[in-house]
Amino acid sequence: MTSKSQSVLKIRLPVWRARLLVTLMFMGFMALAARALYCQSVNKDFLQAEAEKRYARTTKLIATRGLITDRNGEALAISTAVETVTANPGQINLESIAPEKLIKLSELLGLKLDYIKRRLIQKKTFVYLKRQISPNVAREVMALKVPGISLQTEYKRYYPNGEATAHLVGFTSRDQKGQEGLEYSYQNTLAGKSGSRRINRNAKNQIIEEVGTISAAENGTELSLSIDRNLQYVAFSEAKNAAIEHEAKSASVVVLDTLTGEILALANWPSYNPNNRSSFTPKLLRNRAIIDQFEPGSTLKPFTVAAALEGKFVKPNTLIDIEDGRFRIGRRTINDTHPKESLLTVTDIIQRSSNVGTAKISLMMKPKDLWEVLSHSGFGQLPTSRFPGEVRGSLRSADNWKTIEQATISYGHGVSVSLLQLARAYTIFAREGMLVPVTFEKRMQKVEGSRVISSTTSRSVLAMLETVTQEGGTGTKAAIPGYRVAGKTGTAHKLVRGQYARDKYRSSFVGLAPVSNPRLIVAVVVDEPSGGKHYGGDVAAPVFRKVMEEALTTLGIDPDDFVIEQEAKRQILQGPV
Amino acid sequence: MRISLLLFILLITSAISLVTARHDTRKVVNEIELERNKALQIKNHHTNLVIEKATLTSRSRIERLAIQKLKMKYPKREDIVLLPPPPARAKQ
């Protein structure tokens with residue numbers, strides 16, 4: 001044994017084998033070192049970036065769009081979280097997904113199976129499967145655990161009051177950008193600013209480290225409107241009822257608070273459902289009360305009379321010869337539609353809405369006298385309500401008015417206005433001669449106006465306007481028991497291709513209440529009533545009455561018509577006679 | 001020799017505490033993330049409640065329920081009796 005082992009030891013291995021081994025090992029180490037050197041210094045940036053891509057991510061911090069509320073804090077527009085289902089077709093192998101999963105997916109998303117399959121074999125790394133679904137459905141979709149399908153949280157605007165506030169509030173695009181109405185005008189403050197932050201994730205996609213916030217998300221600011229939700233609904237439904245009853249093309253209503261200049265309601269019919277994009281057509285989207293201009297007709301007469309009173313051309317009881325309702329100027333004849341008499345006082349002219357009388361009053365003045373009152377009342381000027389696309393209407397410069405123009409403008413033909421402008425202009429009769437700036441923002445405090453006429457003139461015209469709703473006036477249907485109501489009817493022939501259409505009218509009514517201290521203005525216009533009635537007093541005045549009645553109770557304004565109150569008191573104390 | 005032993009122990013403790021600290025941070029970050037998600041969910045829930053409230057209290061719905069379910073109706077003109085305001089308010 002010993003001799004044998006000894007002999008093994010005695011075998012001398014060739015030296016080169018040991019050397020070879022050492023060299024090989026050394027070279028191996030050198031290769032490793034070189035590789036390490038290469039990775040850590042030469043190629044370091046690239047590799048580090050690649051590694052970071054695997055775990056670090058910059059995520060967007062979504063800012064929520066500001067809430068829009070009415071004056072009492074009720075939501076008019078609100079952003080809700082919805083999920084968008086996206087897919088990465090690159091990660092999807094259609095054959096490997098169980099067919100029943102795909103069927104379930106198509107059921108949940110309400111999409112055709114073929115459509116989903118087509119989407120999933122596209123050569124892209126990102127496709128939308130279905131945008132903006134409810135979070136509950138989204139959860140079920142994720143429960144299917146189809147690889148490559150993921151969710152993205154988005155926000156969607158919801159309008160709880162639907163078509164009643166549609167024109168006013170407007171709507172946003174799918175990406176939450178204001179496109180119409182106040183959503184558009186207040187985009188900057190409503191939108192807020194989305195931020196971003198860097199995070200590290202682990203393999204389970206959990207956030208393990210917040211590296212830092214690059215910029216914090218700033219949520220949009222809330223917008224409190226001057227609108228009263230309930231009043232808005234009443235205005236909308238009355239406009240709708242009137243338009244349907246009188247087979248009209250459209251109807252609009254504006255309600256103004258004279259003290260604050262706040263627009264309490266502004267509604268049009270036809271409207272659309274802002275929660276359903278498929279109902280959008282340009283015709284329905286138009287906010288007619290602000291964007292459409294029309295010839296106001298007789299609702300402009302009080303301004304003519306105000307100008308004449310202001311310039312001391314007439315007094316309320318000045319008698320004017322209305323020549324039995326026919327008055328020739330050159331080749332044109334001005335007609336009166338309402339009962340004709342030969343001599344009317346200025347008050348009578350307003351009460352019965354005499355065109356001839358108003359034209360004659362107008363011709364007593366210089367064009368400039370009338371123009372000044374009209375222009376200072378805001379006609380031909382932007383109402384600066386911040387509503388997108390508001391019109392300034394048209395009022396030609398007095399320098400080149402012809403006689404006939406001066407006559408027709410006095411009763412509202414040859415000028416055009418928007419309903420909002422008209423309502424605003426009437427604040428001069430509510431605020432003792434002051435024109436008040438209007439707003440859609442909640443203001444809640446008295447606002448100063450700019451003087452247009454003296455308070456004496458304003459009071460005289462207001463007294464005349466009150467006779468309109470009293471017996472013998474054109475607007476008796478606007479009377480509200482318990483309240484003194486002033487107003488003016490308007491029935492204008494519509495212009496069709498530059499010609500006045502014989503059988504197409506625009507009926508309007510603008511009024512104020514309570515007369516003892518006017519707090520509210522309601523303006524109504526009904527376009528092309530064709531159900532048989534077309535006078536402003538028949539078509540628009542009842543709408544005015546309903547909306548005004550509601551507005552007076554909503555704001556808790558005390559009745560001021562003591563005649564009726566005395567009568568009621570007597571009835572209660574003594575019982576009906 | 002003693003000093004290097006001391007330093008060695010310090011080094012090991014520091015290394016271990018670094019690892020635990022990192023682990024703790026991860027746990028806390030994860031927790032805060034969960035809480036944030038919860039806050040978001042609550043906010044979303046609140047939004048839904050606001051919408052629900054707006055829908056339930058809408059004037060059209062109340063009107064419909066009052067007329068159909070409660071059989072209420074708007075008073076007619078002649079059914080309304082106006083009372084003079086109380087003296088204190090009438091003085092104004």
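User: Helices (H or I, at least four residues) and strands (E, at least two) are DSSP runs, numbered from the N terminus. With that settled, in which loop does A:E247 lie?

Analyst: Happy to help: this is a predicted model, in which local features need pLDDT of at least 70, side-chain atom pairs count only at pLDDT 80 or more, and totals for chains, interfaces and linings use all residues. Residues are numbered from 1 along each chain as its sequence is written, chains are lettered from A and ligands numbered from 1 in the order in which they are written, and side-chain values use heavy atoms, with hydrogens and water left out. A:E247 is in chain A, in the loop between helix 10 (229–245) and strand 9 (250–257).

User: What is the phi of A:E247?

Analyst: Most residues other than glycine have a negative phi, and most peptide bonds are trans. A:E247 is not a glycine, yet its phi is positive, at about 50 degrees.

User: And in chain B, is B:K71 buried or exposed?

Analyst: B:K71 also deserves a look at its backbone, with a positive phi near 55 degrees in a residue other than glycine. Its place is the loop between helix 2 (59–68) and helix 3 (87–90) of chain B. Buried means under 20% relative accessible area, exposed over 50%, and partly exposed in between (1.4 Å probe, protein chains only). Because its relative accessibility is 67%, B:K71 counts as exposed.

User: Which residue follows A:W269 across a cis peptide bond?

Analyst: Omega for that bond is near 5 degrees. The residue sits in the loop between strand 10 (263–269) and helix 11 (282–285) of chain A. The peptide bond runs from A:W269 to A:P270.

User: What is omega for the bond that joins A:A513 and A:P514?

Analyst: A:P514 is in the loop between strand 18 (499–513) and strand 19 (520–527) of chain A. The bond from A:A513 to A:P514 is cis, with an omega of about -20 degrees.

User: How many salt bridges does the structure hold?

Analyst: A salt bridge here is a side-chain nitrogen of Lys or Arg within 4 Å of a carboxyl oxygen of Asp or Glu. Over all chains, the number is 24.

User: How many residues apart in sequence are the parts that A:R229 and A:E74 tie together?

Analyst: A:R229 and A:E74 form a salt bridge whose closest N and O atoms are 3.9 Å apart. A:R229 lies in helix 10 of chain A and A:E74 in the loop between strand 2 (68–69) and strand 3 (75–87), so the pair ties together parts whose separation in sequence is 155 residues.

User: Which residue makes a salt bridge with A:D527?

Analyst: The bridge from A:D527 has an N to O distance of 3.6 Å, and its partner is A:R506. A:D527 is in strand 19 of chain A and A:R506 in strand 18, so the pair ties together parts 21 residues apart in sequence. At 9% relative accessibility A:D527 counts as buried, and at 18% so does its partner. The two also belong to a network of salt bridges with A:K249, A:K494 and A:E528, and the name you asked for is A:R506.

User: In which helix do A:R545 and A:E549 both lie?

Analyst: A:R545 forms a salt bridge with A:E549, with the closest N and O atoms 4.0 Å apart. A:E549 is partly exposed, with a relative accessible area of 24%. The two residues are four apart, about one turn of the helix, and both lie in helix 21 (residues 536–554) of chain A.

User: At roughly what angle do the axes of helix 4 and helix 5 of chain A cross?

Analyst: Axes are lines fitted to C-alpha atoms, for helices over the stretch in contact, with angles from 0 to 180 degrees between N-to-C directions. The axes of helix 4 (residues 99–109) and helix 5 (residues 113–120) of chain A come within 9 Å and cross at roughly 110 degrees.

User: Which residues of chain A is A:S173 in contact with, leaving aside its neighbours within four places in sequence?

Analyst: A:S173 lies in the loop between helix 7 (166–169) and helix 8 (181–185) of chain A. A:S173 is buried, because its relative accessible area is 15%. Contact means heavy atoms within 4.5 Å. With those neighbours set aside, the contacts of A:S173 are A:Q179 and A:R277.
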